[in-house]
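Here are my notes on the model, set out as numbered points. They take the cavities before the helix and the loop.

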Amino acid sequence: MFSRFGTRHLNGVTRAGRRRLPRGRALVSAAVLVSVAACGSGDTGTPNAFGTPTSGGALRLALIADPPALDPFTASNFAVAWGNLLSAIYDPLVWSDPTTGAVRPHLAESLTPDNTARVWTLTLRPGVEFSDGAPFDAAAVKANWELHADPKTGSAYAAGAVGLKLTVSDALHLVIELPSPNANFDRAVASGLNYIASPRALGDLTALRTHPVGAGPFVLAGRDPGKSLTLRRNPRYWQPGRPYLDEIDAQVQLPGRTVPDAIDAGDADLGEVTDPAVEKAAKKAGLGLVSLNLNGGLMVVFNTRKAPFNDPAARQAVVDSMSANEINDRFHQGAGTPAHGIFDSTSPLANIQLAPRENDPEKARAAFDRLTSGGTRPFVFSFMTTGSTPGTLEEETLYMQQQVQRFPGVTMRAESVDVATLTRRLIAGDFDMALSALWMNDPEPNLFDFLRPGSPANLTGYTNPVVTEAMNAARLTTQTDQRYDAYLRAQVQLNKDLPFWVYQEAVNDVVFGPRVTGVEVLGDGVLLFDRVGFRR
């Protein structure tokens with residue numbers, strides 16, 4: 001969340017076409033678009049996401065960086081980070097289907113609430129084993145979730161587990177009592193609690209970070225630190241005849257090299273892309289794309305806990321000096337979509353008429369004039385970004401600096417740090433203004449935690465009772481109209497308070513070469529690795 005970093009049975013995909021896929025389950029906030037040809041499986045020259053793979057082969061997977069951890073607690077599960085590795089090693093309990101909005105079972109057979117939405121029951125598949133031979137049972141899930149909730153674990157996904165009362169009914173059933181009703185708890189599981197490690201490995205979490213043990217289709221077989229990881233087929237995998245692949249060779253990409261470049265050079269078969277300009281290049285090159293438009297996006301976050309941005313007028317002045325359209329045109333080749341708030345503009349939860357004010361230099365000038373007493377009192381702040389993504393990000397930072405420094409007395413100090421430092425300082429509240437991003441296929445639970453007072457994910461330190469009430473109301477229902485009304489109230493207040501400014505809508509693309517098929521994704525674009533492989 002801190003760095004920049006379609007199903008096979010669908011109908012109606014046309015050759016060289018892009019089509020928005022249907023929404024379902026009362027709501028979906030990710031629109032999936034597929035830009036692949038629906039050709040015959042014998043034509044290996046044209047990408048086809050929807051075929052049935054043949055058995056065998058090694059998939060070359062492009063990574064943005066070497067993962068610092070591969071445990072379910074501290075490793076980033078975003079698709080653009082290390083979500084694909086976690087999916088391959090652990091397999092999800094349940095997964096959020098971006099083509100329908102439904103939460104689907106996988107290692108679990110079901111996850112269902114009672115009529116109060118406070119007590120849920122998780123039912124597991126029988127006969128599943130971890131790769132070390134331990135049974136995949138309710139006790140294993142309970143042990144993992146309790147570790148998520150333990151502050152000593154340092155779990156990035158603790159918010160979903162804190163306060164849960166867990167009771168093992170039998171080997172295949174776990175009863176979950178929530179601290180308060182939540183009709184969308186299944187989304188919290190799909191978002192952060194869906195990867196389960198073997199209970200035999202939980203005694204040494206430090207070792208688990210480098211030697212993961214899951215029940216997924218692959219096991220970690222080798223690693224060249226900083227360069228590559230090798231995953232091989234799990235002989236204990238629970239699905240007969242799966243996975244199709246024998247091996248995944250995950251390669252860390254060289255700085256400045258894009259996924260389309262690596263595929264074109266024959267060094268990769270598949271990777272994740274979040275830059276709309278790179279997506280444009282992949283389409284031009286005729287590569288396969290499974291593209292998701294997500295909620296969230298690239299954003300500037302303000303630290304509302306301290307001066308200068310504890311003053312809403314200061315936040316508004318900065319935003320009034322910026323233009324999302326200009327950023328997109330100048331730095332993303334016009335390929336992106338300027339944001340109109342925290343929701344994807346095509347989401348049934350969005351109201352683009354409520355887009356926050358921006359690009360009003362005269363109002364920015366008037367506000368800064370008041371804040372600086374006509375330019376006589378310095379208005380100085382820092383803007384923290386990550387130096388792990390050179391080029392476009394550096395240009396955007398320079399643009400933002402120039403925009404605010406047009407006004408007398410205003411100084412923005414650009415501060416570039418590595419991803420780990422950015423993450424640590426954002427959580428600690430050690431910043432003035434910073435670059436951030438969210439990729440959300442549903443507002444639950446990520447937006448709820450992003451805005452919840454006291455949450456570690458509430459980077460801005462923002463709190464407003466109107467927003468808190470609205471977010472609480474939204475999680476008590478799965479009905480689109482009721483959720484829309486609740487989020488509408490939140491959006492109106494956020495536009496007044498501006499704790500953050502989203503300037504480009506979130507996108508994520510799975511980019512793949514013509515040999516790859518069986519590309520089915522969960523959440524923000526993570527692959528289901530029991531399905532992917534090479535064409536016949």
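1. The largest cavity has a volume of about 140 Å³. This is a predicted model, and the volume of about 140 Å³ is a value computed from it. The lining of this cavity comprises 13 residues. Those that lie nearest the centre are Gly341, Ile342, Pro356, Asn495 and Phe500.

2. Two elements, α14 (480-497) and β18 (500-512), each supply at least two residues of that lining. By class, the lining of the largest cavity has nine nonpolar and four polar residues, with no charged residues. Anyone placing a probe or a ligand fragment there on screen will find no charged side chain in the lining.

3. The second largest cavity has a volume of about 60 Å³. Its lining is made up of Leu61, Ala62, Leu63, Ile64, Ala79, Val80, Ala81, Asn84, Val259 and Glu272. Strand β3 (residues 58-63) gives the most to this lining, with three residues. By class there are eight nonpolar residues, one polar and one charged. Glu272 is the charged one, since Glu counts as charged, and Asn84 is the polar one, since Asn is among the others that count as polar.

4. Which residues of helix α9 (residues 361-371) are buried? They are Ala364, Ala367, Phe368 and Leu371. These four lie on the same side of α9, because they cover an arc of only 95 degrees around the axis. On the other side of α9, Glu362 and Arg370 are exposed.

5. The cover over the buried residues of α9 includes one helix and two strands: α7 (312-320), β15 (379-386) and β16 (410-417). After α9 comes serine 373, with a positive phi near 50 degrees.

6. Where is asparagine 115 found? Its place is the loop between β6 (108-113) and β7 (119-124). Is asparagine 115 buried or exposed? Its relative accessibility is 79%, and exposed means over 50%, so asparagine 115 counts as exposed.

7. One further point on this loop residue concerns its distance to another position. Asparagine 115 and alanine 183 are 68 residues apart in sequence. In space, the C-alpha to C-alpha distance between asparagine 115 and alanine 183 is 9.5 Å.

Terms used:
Residues numbered from 1 in each chain as written. Predicted model: local features only at pLDDT ≥ 70, side-chain atom pairs only at ≥ 80, totals over all residues. Heavy atoms only, no water. Buried < 20%, exposed > 50% of the residue type's maximum accessible area, 1.4 Å probe, protein only. 1 Å grid on protein atoms, 1.4 Å probe; cavity = no way out; pocket = protein on both sides within 12 Å on 5 of 7 lines; lining within 4 Å. Points joined across faces, edges and corners; volume = space filled by probe spheres on them. Arc of directions from axis to C-beta. Contact = heavy atoms within 4.5 Å.
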